[in-house]
Amino acid sequence: MAKSSLVSGSIWDEYSDIVVDRMNNPQHQGHITEEEAEAMNATLIVADFGAESCGDAVRLYWAVEKDTDKIVGSKFKSFGCGTAIASSDIMTELCMGKTVDEAVKITNIDVEKAMRDNPDTPAVPPQKMHCSVMAYDVIKKAAATYKGVDAESFEEEFIICECARVTQDTLVDVIKINDLKTVEEIIDFTKAGGFCKSCIKAGGHEAKDIYLIDILKDTREEMERERLTAMANAPKDDKEDFASMSMVQKTRAIDAVVEEYVRPMLIMDGGDMELVDIKEEAGNFDVYIKYLGACSTCSTGSTGTLYAIESTLKQNLDENIRVITL
Amino acid sequence: MQVYLDNNATTKVDEKVFEEMTPFFCEMYGNPNSLHSVGSATHPKIAEAFDYLYEGINADDEDDIIITANATEANNWVVKSVWLDRILDGEKNHIITSEVEHPAITAACNYLEKKGVDITYLTVNEEGVLEADAVRDAIREDTALVSVMWANNETGKLFPIKEIGAICKEKGVLFHSDATQAIGKVKVDVQDAGVDMISFSAHKFHGPKGVGGLYIKKGVALSPYMHGGEQMDGRRAGTLDVASIVGMGKAMQLATNTMALAYEENHVGMLRDKLERAILKLPDTIVIGDTKNRTPNTTLISIRGVEGEAMLWDLNKNGISASTGSACASEDLEANPVMNAFGSDSELAHTGIRFSLSRFNTEEQIDYAIEKIKEAVERLRSISSSYAYTPKNHVSELEHN
């Protein structure tokens with residue numbers, strides 16, 4: 001929140017002059033007939049793309065020259081708001097003269113940038129970015145129709161935020177590397193979710209298979225699992241870690257040392273021990289144990305044997321461990 | 001030419017209202033609570049304003065009309081104070097409202113829902129009306145409040161307030177109605193309708209912005225929403241905004257007398273019908289909701305193939321102000337719930353244009369608007385992919401008749 005966000009302006013004020021001009025006077029709206037395409041020695045491609053939840057729809061016509069795969073005719077029809085019309089118009093123009101392989105590389109970011117009046121100012125407000133995404137999607141649809149393949153085959157990675165073209169892999173990496181905890185942090189770091197906001201959570205403009213909140217939750221859970229696994233697998237003589245362990249982890253660490261070093265020694269003399277409790281007392285870790293078998297009646301149970309157990313735990317885990325017999 | 005057809009959003013302040021308010025800024029600026037004459041000099045005009053407010057909605061002298069900042073405050077007051085007074089003690093835990101209420105009710109109810117209150121959001125029928133029987137069926141032993149609007153802001157449809165009032169009285173349930181879109185357009189008689197509370201905002205009937213009211217029937221207990229001084233008999237604290245109260249009173253008088261309501265019904269209604277008939281002569285246009293029992297100034301029209309915001313853009317270029325519930329025009333990209341309430345036709349939800357007139361609109365303006373609307377429809381349909389390729393099976397209602 002800030003002063004600027006307290007008094008909201010009209011979204012129309014944020015449209016670039018190019019957007020306004022294309023909304024008012026689209027240059028490439030219309031259609032191409034079979035006869036017209038034939039006259040250009042071209043194949044007619046008609047592709048539709050519509051966002052069902054949004055209601056916007058665009059139809060793209062391409063005349064693709066048969067010998068060169070070059071788009072020699074490009075027109076559109078659009079049901080949508082003014083920015084959808086403007087985006088479609090620019091998208092149609094960007095396709096002209098390109099081969100199908102070149103056209104399919106046009107992204108929604110290219111469409112939006114082509115509508116900017118200057119390179120540093122977005123052409124549309126954030127919530128209108130989805131209009132340029134629709135323009136991008138229909139290109140893929142047209143190219144897929146021409147090539148007889150699935151439109152999704154043009155996507156090498158799984159895009160979560162279509163407005164900013166951020167992939168799932170990128171999001172997971174950025175969350176892990178920067179230890180991101182909130183969606184707001186993700187938006188700051190990646191711009192994903194900063195535009196039409198449909199990818200943040202369900203209920204937005206476009207329905208998604210997976211949302212930022214899911215990715216954040218899953219990634220945080222995975223990070224926690226990785227952290228616990230790393231702790232569990234940490235070398236037993238890592239004394240610094242013992243103090244920061246949870247009580248369960250401390251118990252497991254002591255058990256592990258007892259199992260590896262102490263118990264074999266006691267069993268050799270017909271005895272054993274069990275861990276009863278651990279208490280933190282004035283910076284010390286008091287480990288309460290109970291002797292079993294021969295140890296429970298052994299004369300060195302409170303002297304030499306006790307010293308050996310305590311030294312082993314201190315050496316492997318923490319200098320502040322004290323062992324107390326019950 | 002400028003043609004303002006968005007009067008359900010807000011209205012211009014009537015110049016007579018403005019004149020009444022003017023002395024209270026730099027001349028009669030006293031605090032009404034002060035003992036001295038600069039303060040008390042405001043009292044006669046405040047009293048006169050209250051007379052107009054009480055007459056305007058036929059409140060009994062023993063009832064309260066508390067001045068608020070707007071209907072949003074009044075609506076929040078009702079919902080949250082019912083929670084404080086009747087739900088937190090555990091005796092009741094249920095509020096009934098409709099899906100198509102103003103966010104001042106639905107958002108407040110959503111908030112209480114998170115606090116554990118059970119809220120029933122009733123749906124409207126295919127005519128856009130909430131049926132009284134639906135309210136009757138929804139009332140339970142633990143229902144603390146029924147809150148439904150008097151007239152819908154998008155369609156103008158009037159809800160059966162009197163019937164619902166009778167049901168609530170029979171069941172012993174508190175009944176509140178948000179009458180923001182009804183006052184000045186139809187007769188609002190709180191005694192005849194049997195409501196316990198109604199909310200209203202002055203700027204919807206040619207009064208100033210920033211002032212509204214909550215009518216509370218005698219004997220209805222409702223904790224104050226704003227605590228502080230003893231203004232408004234302790235029911236709503238804060239120094240009285242004298243100019244606004246005087247303005248709202250005058251606006252109420254001008255909007256609710258018999259002559260004014262007859263003018264609304266006949267003149268404004270005639271202009272609305274003229275506009276509506278002209279648009280319905282265009283193919284594939286329909287009125288959303290049926291055309292009976294609605295406020296005389298409102299029409300919500302779907303123009304197939306023409307997206308709402310694109311239409312507004314073209315109209316605005318020609319000096320015409322209207323409104324749309326289209327998702328594309330909203331900050332949160334969600335379609336207006338009233339549009340969604342009319343079913344699963346997603347295109348319908350994105351083609352609705354609301355025209356709302358006032359007594360300041362002229363026939364010349366409407367003729368101009370009709371001409372520009374036709375031009376906009378023609379241009380946008382020439383671009384439209386959905387209009388070009390979908391079957392045209394809509395028959396306009398008036399033509400059909």
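# Notebook: strands, helices and loops in chains A and B

I began in chain B, where strand 3, helix 6 and strand 4 make a right-handed β-α-β unit. I note at once that I am working with a predicted model, and that what follows is read from its coordinates.

**Strand 3 of chain B**

I looked up how strand 3 of chain B is paired, and found five bridges that join this strand, residues 94–98, to strand 4, residues 118–122, with the two running parallel. Within that pairing I picked out I96(B), whose bridge partner in strand 4 of chain B is T120(B). Strand 3 of chain B also pairs with strand 5 (residues 143–149) of chain B, again in the parallel sense, over three bridges, and there I found H94(B) opposite T143(B).

Is strand 3 of chain B buried or exposed? I counted five of its five residues as buried, so the strand is largely enclosed by the rest of the structure. In a regular strand the side chains alternate between the two faces of the sheet. Here I saw H94(B), I96(B) and S98(B) pointing one way and I95(B) and T97(B) pointing the other way, with all of them buried.

**Helices 5 and 6 of chain B**

Next I turned to the helix of that unit and a helix packed with it, keeping in mind that two packed helices are described by the angle between their axes and the distance between the axes. For helix 5 (residues 71–87) and helix 6 (residues 103–114) of chain B, I found that the axes come within 9 Å and cross at roughly 30°. Since angles under 35 degrees count as roughly parallel, that makes helix 5 of chain B roughly parallel to helix 6 of chain B. I also recorded that the crossing of helix 5 and helix 6 of chain B is right-handed.

**The sheet 9-10-13-12 of chain B**

Further along chain B I looked up an open sheet of four strands, which has the order 9-10-13-12 and antiparallel pairing. Strand 9 (285–287) and strand 12 (323–324) of chain B stand at its edges, each with a single partner strand, so one side of each is left without a neighbour in the sheet. For strand 12 of chain B, the link to strand 13 (residues 352–356) of chain B consists of two bridges, with the strands running antiparallel, and S323(B) has R354(B) as its bridge partner in strand 13.

**Two loop residues of chain B with positive phi**

I then checked two residues other than glycine with positive phi, namely N58(B), with phi near 55°, and D233(B), with phi near 55°. I placed N58(B) in the loop between helix 4 (43–57) and strand 2 (64–68) of chain B, where its 29% relative accessibility makes it partly exposed. D233(B) lies in the loop between strand 8 (212–216) and helix 10 (242–256) of chain B, and I list D233(B) as exposed, its relative accessible area being 70%.

**The sheet 6-7-8 of chain A**

In chain A I followed an open sheet of three strands in the order 6-7-8, with mixed pairing. Its edges are strand 6 (271–281) and strand 8 of chain A, each of which has a single partner strand, so one side of each is left without a neighbour in the sheet. Ignoring direction, I found neighbouring strands of this sheet turned by 30° against each other on average.

Strand 6 and strand 7 of chain A pair in the antiparallel sense over 10 bridges, with E281(A) opposite N284(A) in strand 7. These two strands form a hairpin with two residues between them, and I noted that A282(A) in the turn has a positive phi of about 50°.

How many bridges pair strand 7 and strand 8 of chain A? I found five, in the parallel sense, between residues 284–293 and residues 321–325. The chain crosses from strand 7 through helix 13 (residues 304–316) to strand 8 of chain A, and I recorded this β-α-β crossover as right-handed. Among the facing residues I noted F285(A) opposite I321(A), and I289(A) with T325(A) as its bridge partner.

**Two loop residues of chain A**

Last, I looked at T121(A), which sits in the loop between helix 6 (108–114) and helix 7 (129–147) of chain A and counts as partly exposed at 41% relative accessibility. Its side chain makes a polar contact of 2.9 Å with the side chain of N118(A). I210(A), in the loop between helix 9 (183–190) and helix 10 (212–232) of chain A, counts as buried at 19% relative accessibility.

Terms used: Residues numbered from 1 in each chain as written. Chains lettered and ligands numbered in written order. Predicted model: local features only at pLDDT ≥ 70, side-chain atom pairs only at ≥ 80, totals over all residues. Heavy atoms only, no water. Buried < 20%, exposed > 50% of the residue type's maximum accessible area, 1.4 Å probe, protein only. Polar contact = N/O pair within 3.5 Å; in protein donor to acceptor, adjacent residues only side chain to side chain. Pairing = 2+ DSSP bridges. Right-handed = clockwise from strand over helix to strand, strands pointing away. Axes fitted to C-alpha atoms, helices over the stretch in contact; angles between N-to-C directions. Parallel < 35°, antiparallel > 145°, perpendicular 65-115°, else oblique. Left-handed = near helix turned anticlockwise from the far one by under 90°.
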